[in-house]
Amino acid sequence: MVKAIEINNLKYSYDEQPLFNDFNLNIEAGQWVALVGHNGSGKSTLAKLILGLLVADEGQIIVFDEQLSIESVHRVRAKIGMVFQNPDNQFVGATVADDVAFGLENTKVDSSDMPQKIDAALTVVGMQDFKDREPHTLSGGQKQRVALASVLALQPKIIILDEATAMLDPDGRMTVMETLQQLKQQFGQNLTLITITHDMDEATLADRVVVINDGRKILDGTPAKVFSQRRVLHDNGLELPFANELAYQLDKKPEDYMDERELIQWLSTLNK
Ligand SMILES: Nc1ncnc2c1ncn2[C@@H]1O[C@H](COP(=O)(O)OP(=O)(O)OP(=O)(O)O)[C@@H](O)[C@H]1O
(Lines give C-alpha, C1' and ligand atoms only; values in the text may rest on other atoms or scores of the structure.)
Protein backbone atom coordinates (compact mmCIF):
# COMPACT_ATOMS: atom_id res chain seq x y z
CA MET A 1 0.00 0.00 0.00
CA VAL A 2 1.35 3.42 -0.98
CA LYS A 3 0.55 6.10 1.57
CA ALA A 4 -0.55 9.44 0.12
CA ILE A 5 -0.87 11.17 3.48
CA GLU A 6 0.33 10.12 6.89
CA ILE A 7 -0.53 12.26 9.90
CA ASN A 8 1.10 11.22 13.15
CA ASN A 9 0.38 12.61 16.62
CA LEU A 10 -0.69 15.98 15.26
CA LYS A 11 -1.20 18.79 17.74
CA TYR A 12 -2.51 22.19 16.79
CA SER A 13 -3.98 25.05 18.84
CA TYR A 14 -5.51 28.36 17.82
CA ASP A 15 -4.48 31.02 20.35
CA GLU A 16 -3.72 28.45 23.08
CA GLN A 17 -7.10 26.79 22.38
CA PRO A 18 -6.26 23.15 21.51
CA LEU A 19 -8.04 21.83 18.43
CA PHE A 20 -6.03 18.76 17.37
CA ASN A 21 -4.45 16.76 20.16
CA ASP A 22 -2.69 13.58 19.10
CA PHE A 23 -4.59 13.26 15.82
CA ASN A 24 -3.63 10.41 13.46
CA LEU A 25 -4.79 9.68 9.93
CA ASN A 26 -3.40 7.61 7.06
CA ILE A 27 -4.76 7.92 3.55
CA GLU A 28 -3.83 5.44 0.83
CA ALA A 29 -2.89 6.58 -2.65
CA GLY A 30 -5.92 6.40 -4.94
CA GLN A 31 -8.41 6.52 -2.09
CA TRP A 32 -11.35 8.94 -2.09
CA VAL A 33 -11.89 10.12 1.47
CA ALA A 34 -14.87 12.22 2.54
CA LEU A 35 -14.01 14.30 5.59
CA VAL A 36 -17.21 15.22 7.41
CA GLY A 37 -18.06 17.02 10.64
CA HIS A 38 -20.32 19.80 11.78
CA ASN A 39 -19.33 23.50 11.66
CA GLY A 40 -16.11 24.20 13.50
CA SER A 41 -15.07 20.56 13.87
CA GLY A 42 -11.65 21.19 12.32
CA LYS A 43 -11.98 20.06 8.69
CA SER A 44 -10.63 23.21 7.01
CA THR A 45 -7.89 23.54 9.60
CA LEU A 46 -6.77 20.00 8.79
CA ALA A 47 -6.65 20.87 5.07
CA LYS A 48 -4.59 23.99 5.85
CA LEU A 49 -2.18 21.94 7.97
CA ILE A 50 -1.72 19.39 5.16
CA LEU A 51 -1.00 22.22 2.72
CA GLY A 52 1.45 23.83 5.12
CA LEU A 53 -0.65 27.00 5.30
CA LEU A 54 -0.71 26.41 9.05
CA VAL A 55 2.21 24.89 10.93
CA ALA A 56 1.55 22.02 13.36
CA ASP A 57 2.60 22.57 16.98
CA GLU A 58 3.71 18.94 17.20
CA GLY A 59 3.57 15.74 15.18
CA GLN A 60 4.31 14.85 11.58
CA ILE A 61 2.51 15.32 8.29
CA ILE A 62 4.03 13.19 5.53
CA VAL A 63 2.84 13.56 1.93
CA PHE A 64 4.08 10.81 -0.39
CA ASP A 65 7.13 10.10 1.78
CA GLU A 66 8.06 13.74 2.19
CA GLN A 67 7.70 15.20 5.65
CA LEU A 68 6.18 18.65 5.70
CA SER A 69 8.62 21.29 6.94
CA ILE A 70 9.59 24.85 6.12
CA GLU A 71 12.12 23.48 3.61
CA SER A 72 9.76 21.01 1.94
CA VAL A 73 6.53 23.02 1.95
CA HIS A 74 6.76 24.10 -1.71
CA ARG A 75 7.49 20.57 -2.93
CA VAL A 76 4.64 19.19 -0.81
CA ARG A 77 2.22 21.86 -2.02
CA ALA A 78 3.08 21.06 -5.63
CA LYS A 79 1.66 17.56 -5.05
CA ILE A 80 -1.70 18.90 -3.86
CA GLY A 81 -4.44 20.74 -5.74
CA MET A 82 -7.17 22.65 -3.91
CA VAL A 83 -10.70 23.50 -5.03
CA PHE A 84 -12.56 25.92 -2.77
CA GLN A 85 -16.17 26.65 -1.99
CA ASN A 86 -16.90 29.79 -3.95
CA PRO A 87 -16.72 29.17 -7.71
CA ASP A 88 -16.55 32.92 -8.37
CA ASN A 89 -13.41 33.47 -6.34
CA GLN A 90 -11.29 31.04 -8.33
CA PHE A 91 -11.03 32.73 -11.72
CA VAL A 92 -8.26 34.98 -12.95
CA GLY A 93 -8.43 34.45 -16.72
CA ALA A 94 -10.64 36.25 -19.24
CA THR A 95 -11.59 32.89 -20.78
CA VAL A 96 -11.80 29.34 -19.51
CA ALA A 97 -8.60 28.42 -21.42
CA ASP A 98 -6.75 31.47 -20.00
CA ASP A 99 -7.74 30.40 -16.59
CA VAL A 100 -6.29 26.90 -16.94
CA ALA A 101 -3.19 28.48 -18.56
CA PHE A 102 -2.63 30.77 -15.58
CA GLY A 103 -1.57 27.96 -13.24
CA LEU A 104 0.57 26.35 -15.93
CA GLU A 105 2.44 29.61 -16.55
CA ASN A 106 3.84 29.38 -13.04
CA THR A 107 5.36 25.99 -13.84
CA LYS A 108 8.16 25.01 -16.19
CA VAL A 109 5.77 23.94 -18.96
CA ASP A 110 7.00 24.94 -22.42
CA SER A 111 4.58 27.47 -23.93
CA SER A 112 4.26 25.34 -27.09
CA ASP A 113 2.92 22.47 -24.92
CA MET A 114 0.33 24.66 -23.23
CA PRO A 115 -2.60 24.37 -25.68
CA GLN A 116 -2.40 20.58 -25.60
CA LYS A 117 -2.20 20.52 -21.78
CA ILE A 118 -5.13 22.95 -21.47
CA ASP A 119 -7.24 20.86 -23.87
CA ALA A 120 -6.36 17.65 -22.04
CA ALA A 121 -7.32 19.07 -18.62
CA LEU A 122 -10.60 20.51 -19.91
CA THR A 123 -11.43 17.24 -21.68
CA VAL A 124 -11.04 15.26 -18.45
CA VAL A 125 -13.77 17.36 -16.81
CA GLY A 126 -15.93 17.52 -19.95
CA MET A 127 -15.44 21.28 -20.45
CA GLN A 128 -13.39 21.29 -23.68
CA ASP A 129 -16.23 22.90 -25.67
CA PHE A 130 -16.26 25.86 -23.27
CA LYS A 131 -12.61 26.88 -23.57
CA ASP A 132 -13.31 30.24 -25.24
CA ARG A 133 -16.16 31.15 -22.89
CA GLU A 134 -15.85 33.89 -20.29
CA PRO A 135 -15.94 32.18 -16.89
CA HIS A 136 -18.73 34.44 -15.55
CA THR A 137 -21.10 33.02 -18.21
CA LEU A 138 -20.81 29.48 -16.81
CA SER A 139 -23.08 27.75 -14.28
CA GLY A 140 -21.74 27.08 -10.78
CA GLY A 141 -21.14 23.39 -11.53
CA GLN A 142 -19.33 24.25 -14.79
CA LYS A 143 -17.16 26.79 -12.92
CA GLN A 144 -16.15 24.17 -10.37
CA ARG A 145 -15.30 21.71 -13.16
CA VAL A 146 -13.06 24.38 -14.71
CA ALA A 147 -11.49 24.95 -11.29
CA LEU A 148 -10.83 21.19 -11.21
CA ALA A 149 -9.31 21.35 -14.71
CA SER A 150 -6.98 24.18 -13.62
CA VAL A 151 -5.81 22.02 -10.74
CA LEU A 152 -5.54 18.84 -12.86
CA ALA A 153 -3.38 20.61 -15.45
CA LEU A 154 -0.71 20.87 -12.74
CA GLN A 155 -0.77 17.07 -12.33
CA PRO A 156 -1.31 16.89 -8.58
CA LYS A 157 -1.22 13.56 -6.77
CA ILE A 158 -3.88 14.72 -4.33
CA ILE A 159 -6.87 17.00 -4.77
CA ILE A 160 -8.64 18.46 -1.74
CA LEU A 161 -12.10 19.90 -2.38
CA ASP A 162 -13.18 22.09 0.54
CA GLU A 163 -16.97 22.37 0.40
CA ALA A 164 -16.63 22.66 -3.37
CA THR A 165 -20.31 21.94 -4.00
CA ALA A 166 -21.80 23.93 -1.10
CA MET A 167 -22.81 26.89 -3.28
CA LEU A 168 -24.13 24.83 -6.21
CA ASP A 169 -27.65 23.84 -7.15
CA PRO A 170 -28.52 20.10 -7.18
CA ASP A 171 -27.67 19.84 -10.87
CA GLY A 172 -24.28 21.47 -10.36
CA ARG A 173 -23.53 19.24 -7.38
CA MET A 174 -24.38 16.17 -9.42
CA THR A 175 -22.12 17.11 -12.33
CA VAL A 176 -19.19 17.81 -9.99
CA MET A 177 -19.72 14.48 -8.20
CA GLU A 178 -19.96 12.62 -11.52
CA THR A 179 -16.73 14.31 -12.58
CA LEU A 180 -15.01 13.12 -9.41
CA GLN A 181 -16.24 9.57 -10.03
CA GLN A 182 -14.79 9.74 -13.55
CA LEU A 183 -11.49 11.10 -12.26
CA LYS A 184 -11.26 8.22 -9.83
CA GLN A 185 -11.84 5.70 -12.61
CA GLN A 186 -9.42 7.37 -14.97
CA PHE A 187 -6.54 8.06 -12.58
CA GLY A 188 -6.90 5.14 -10.14
CA GLN A 189 -3.88 4.98 -7.81
CA ASN A 190 -2.44 8.16 -9.28
CA LEU A 191 -5.01 10.49 -7.78
CA THR A 192 -6.11 10.72 -4.17
CA LEU A 193 -9.27 12.70 -3.44
CA ILE A 194 -10.28 14.35 -0.19
CA THR A 195 -13.73 15.93 -0.20
CA ILE A 196 -14.60 18.08 2.80
CA THR A 197 -18.38 18.23 2.92
CA HIS A 198 -21.50 18.72 5.00
CA ASP A 199 -23.46 16.73 2.44
CA MET A 200 -23.82 13.13 3.60
CA ASP A 201 -25.23 12.04 0.23
CA GLU A 202 -21.98 13.15 -1.37
CA ALA A 203 -19.99 11.36 1.30
CA THR A 204 -21.64 8.04 0.32
CA LEU A 205 -19.77 8.22 -3.01
CA ALA A 206 -16.35 8.15 -1.33
CA ASP A 207 -14.38 4.96 -0.56
CA ARG A 208 -14.03 6.02 3.03
CA VAL A 209 -15.74 8.46 5.36
CA VAL A 210 -13.88 10.10 8.26
CA VAL A 211 -16.05 11.90 10.81
CA ILE A 212 -14.33 14.46 13.00
CA ASN A 213 -15.54 16.57 15.88
CA ASP A 214 -13.52 18.98 18.04
CA GLY A 215 -10.40 17.82 16.23
CA ARG A 216 -11.04 14.17 17.16
CA LYS A 217 -11.72 11.28 14.80
CA ILE A 218 -15.14 9.93 15.76
CA LEU A 219 -15.81 7.39 12.99
CA ASP A 220 -13.65 6.09 10.16
CA GLY A 221 -14.62 3.47 7.61
CA THR A 222 -16.58 2.66 4.49
CA PRO A 223 -19.82 4.60 3.95
CA ALA A 224 -21.70 1.40 4.91
CA LYS A 225 -19.86 1.20 8.22
CA VAL A 226 -20.02 4.89 9.12
CA PHE A 227 -23.63 5.44 8.09
CA SER A 228 -24.83 2.47 10.13
CA GLN A 229 -23.93 4.56 13.22
CA ARG A 230 -27.03 6.76 13.24
CA ARG A 231 -26.89 7.54 16.95
CA VAL A 232 -23.18 8.49 16.91
CA LEU A 233 -23.71 10.70 13.88
CA HIS A 234 -26.66 12.45 15.54
CA ASP A 235 -24.66 12.95 18.74
CA ASN A 236 -22.04 14.69 16.61
CA GLY A 237 -24.52 16.96 14.85
CA LEU A 238 -24.73 14.99 11.60
CA GLU A 239 -27.62 13.48 9.67
CA LEU A 240 -27.78 10.21 7.77
CA PRO A 241 -27.71 10.30 3.97
CA PHE A 242 -31.24 10.72 2.58
CA ALA A 243 -31.58 7.07 1.43
CA ASN A 244 -30.52 5.75 4.85
CA GLU A 245 -32.75 8.07 6.81
CA LEU A 246 -35.71 7.09 4.65
CA ALA A 247 -34.93 3.38 5.07
CA TYR A 248 -34.64 3.93 8.82
CA GLN A 249 -37.99 5.74 8.93
CA LEU A 250 -39.45 2.78 7.02
CA ASP A 251 -38.32 0.50 9.85
CA LYS A 252 -34.98 -0.68 8.51
CA LYS A 253 -32.32 -1.02 11.19
CA PRO A 254 -29.48 1.54 11.14
CA GLU A 255 -27.02 -1.25 10.31
CA ASP A 256 -28.99 -2.14 7.17
CA TYR A 257 -27.06 0.42 5.17
CA MET A 258 -28.27 0.92 1.64
CA ASP A 259 -27.26 3.43 -0.95
CA GLU A 260 -29.80 5.22 -3.14
CA ARG A 261 -29.82 2.49 -5.82
CA GLU A 262 -30.31 -0.26 -3.23
CA LEU A 263 -33.10 1.72 -1.57
CA ILE A 264 -34.93 2.04 -4.89
CA GLN A 265 -34.58 -1.71 -5.47
CA TRP A 266 -35.88 -2.48 -1.99
CA LEU A 267 -38.81 -0.07 -2.32
CA SER A 268 -39.76 -1.59 -5.67
CA THR A 269 -39.93 -5.06 -4.06
CA LEU A 270 -42.37 -3.66 -1.46
CA ASN A 271 -44.65 -2.51 -4.23
CA LYS A 272 -45.09 -5.98 -5.71
N1 LIG B 1 -7.97 31.77 12.46
C2 LIG B 1 -8.56 31.23 13.53
N3 LIG B 1 -8.33 31.72 14.78
C4 LIG B 1 -8.91 31.17 15.87
N5 LIG B 1 -9.73 30.11 15.82
C6 LIG B 1 -10.01 29.58 14.61
C7 LIG B 1 -9.44 30.12 13.40
N8 LIG B 1 -9.89 29.39 12.35
C9 LIG B 1 -10.70 28.45 12.86
N10 LIG B 1 -10.77 28.55 14.21
C11 LIG B 1 -11.54 27.70 15.12
O12 LIG B 1 -11.09 26.36 14.97
C13 LIG B 1 -12.20 25.45 14.99
C14 LIG B 1 -12.18 24.63 13.69
O15 LIG B 1 -12.43 25.48 12.58
P16 LIG B 1 -12.45 24.92 11.07
O17 LIG B 1 -12.67 26.09 10.18
O18 LIG B 1 -11.26 24.08 10.86
O19 LIG B 1 -13.73 23.98 11.13
P20 LIG B 1 -14.56 23.34 9.93
O21 LIG B 1 -14.87 21.96 10.37
O22 LIG B 1 -13.83 23.50 8.65
O23 LIG B 1 -15.86 24.24 9.96
P24 LIG B 1 -16.90 24.62 8.77
O25 LIG B 1 -17.63 23.37 8.44
O26 LIG B 1 -17.79 25.64 9.43
O27 LIG B 1 -16.09 25.20 7.64
C28 LIG B 1 -13.43 26.30 15.19
O29 LIG B 1 -13.74 26.29 16.56
C30 LIG B 1 -13.02 27.68 14.74
O31 LIG B 1 -13.72 28.67 15.43
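**Exercise 1. Work out which elements the buried residues of helix H6 pack against.**

Let's start with who is buried. This is a predicted model, and in H6 the buried residues are Arg173, Thr175, Val176, Met177 and Leu180. Next, look at what surrounds them: the buried residues of H6 pack against helix H5 (140-152), strand E8 (192-197) and helix H7 (200-203).

**Exercise 2. Check whether the span of H6 agrees or disagrees with what its 18 residues should give.**

Begin with the rule: the expected span is 1.5 Å times one less than the number of residues. H6 covers residues 170-187, so its 18 residues should span 26 Å. Now compare with the model, where the end C-alpha atoms of H6 are 26 Å apart, which agrees. And what follows the helix? Right after H6 comes Gly188, with a positive phi near 50°.

**Exercise 3. Decide whether Thr175 is buried or exposed, and find its contacts.**

First, place the residue: Thr175 sits in helix H6. Then count its surroundings. There are 20 other C-beta atoms within 10 Å of Thr175. The cut-off for buried is 20 or more, so Thr175 is buried. Now for the contacts: setting aside neighbours within four places in sequence, Thr175 touches Gly141 and Arg145. Finally, try a pair separated in sequence. Val125 is 50 residues from Thr175 along the chain, and their C-alpha atoms are separated by 9.5 Å.

**Exercise 4. Trace how strand E4 pairs with E1 and with E5.**

Take E1 to begin with. Strand E1 (residues 3-14) and strand E4 (residues 58-63) run antiparallel and are joined by five bridges. One example is Asn8, whose bridge partner in E4 is Gln60. Move on to E5 (residues 66-67): two bridges join this strand to E4, again antiparallel. Here Ile62 has Gln67 as its bridge partner in E5. Last, look at the turn. E4 and E5 make a hairpin with two residues between them, and Phe64 in that turn has a positive phi of about 45°.

**Exercise 5. Describe the shell around the ligand, and say which helix gives the largest share of the residues.**

List the residues: Tyr14, Asp15, Leu19, Gly37, Asn39, Gly40, Ser41, Gly42, Lys43, Ser44 and Thr45 surround the ligand. Sort them by type and you get two nonpolar, seven polar and two charged. As for the helix, H1 (residues 43-50) supplies the largest share, three residues.

Conventions. Residues are numbered from 1 along each chain as its sequence is written. This is a predicted model: local features need pLDDT of at least 70, side-chain atom pairs count only at pLDDT 80 or more; totals for chains, interfaces and linings use all residues. Helices (H or I, at least four residues) and strands (E, at least two) are DSSP runs, numbered from the N terminus. A residue is buried if 20 or more other C-beta atoms lie within 10 Å of its own, exposed if 12 or fewer, and partly exposed in between; C-beta atoms are placed from the backbone. Two residues are in contact if their C-beta atoms, placed from the backbone, lie within 7 Å. A residue is near a molecule or strand if its C-beta atom, placed from the backbone, lies within 6 Å of it. Ala, Val, Leu, Ile, Met, Phe, Trp, Tyr, Cys and Pro count as nonpolar, Asp, Glu, Lys and Arg as charged, and the others, Gly among them, as polar. Two strands pair if DSSP finds at least two bridges between them.
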